[in-house]
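Please look over the sequence and the structure shown here before reading on. The briefing that follows is grouped by topic.

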Amino acid sequence: MENTPHIQQGFIFGRKNYKFMFIGLAVIAFGFILMAGGGSDDPNVFNEAIFSMRRIHIAPMVIVIGFAIEVYAILLNPNSDS
């Protein structure tokens with residue numbers, strides 16, 4: 001018999017991994033949507049809405065949580081029973 005390595009066909013990650021990756025991408029996109037806006041149409045007028053709690057604190061935390069979900073999705077073992 002020949003001792004050649006077995007080449008596995010298919011995707012790199014399992015179905016469970018991809019599900020968590022898409023959830024993470026959705027959370028990241030939601031964070032960027034929360035961060036959007038607050039600008040002024042007139043460049044001579046300053047709009048204080050750009051420094052709202054949502055844009056400065058909540059949106060970046062949502063984005064970091066989305067990246068944490070992505071890391072979890074990459075490290076998740078798709079063959080585990082749980």
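What span should the 21 residues of α1 have at 1.5 Å a residue, and how far apart are its end C-alpha atoms? The expected span, taken as 1.5 Å times one less than the number of residues, is 30 Å for α1, and its end C-alpha atoms lie 31 Å apart, which agrees. This is a predicted model, in which local features need pLDDT of at least 70 and side-chain atom pairs count only at pLDDT 80 or more, while totals for chains, interfaces and linings use all residues. Residues are numbered from 1 along each chain as its sequence is written, and side-chain values use heavy atoms, with hydrogens and water left out.

**The helix pair**
- Helix α1 (residues 15–35) and helix α2 (residues 53–75) have axes that come within 8 Å and cross at roughly 170°.
- α1 and α2 are therefore roughly antiparallel to each other, a term for angles over 145 degrees.
- In the contact of α1 with α2 there are 19 nonpolar, four polar and three charged residues, where Ala, Val, Leu, Ile, Met, Phe, Trp, Tyr, Cys and Pro count as nonpolar, Asp, Glu, Lys and Arg as charged, and the others, Gly among them, as polar.

**The two sides of α1**
- Asn17, Met21, Gly24, Ile28, Gly31 and Leu34 are the buried residues of α1 (under 20% relative accessible area, whereas exposed means over 50%, with a 1.4 Å probe and protein chains only).
- Seen down the axis of α1, these buried residues fall within an arc of 145°, so they line one face of the helix.
- The exposed residues Arg15, Lys19, Phe22 and Ile33 sit on the face of α1 turned away from its buried side.

**Met61**
- Met61 belongs to helix α2 and, at 51% relative accessibility, counts as exposed.
- Met61 and Ile28 are 33 residues apart in sequence and 9.7 Å apart in space, C-alpha to C-alpha.

Definitions and conventions:
Axes fitted to C-alpha atoms, helices over the stretch in contact; angles between N-to-C directions. Helix = DSSP H or I, 4+ residues; strand = E, 2+ residues; numbered from the N terminus. Parallel < 35°, antiparallel > 145°, perpendicular 65-115°, else oblique. Arc of directions from axis to C-beta.
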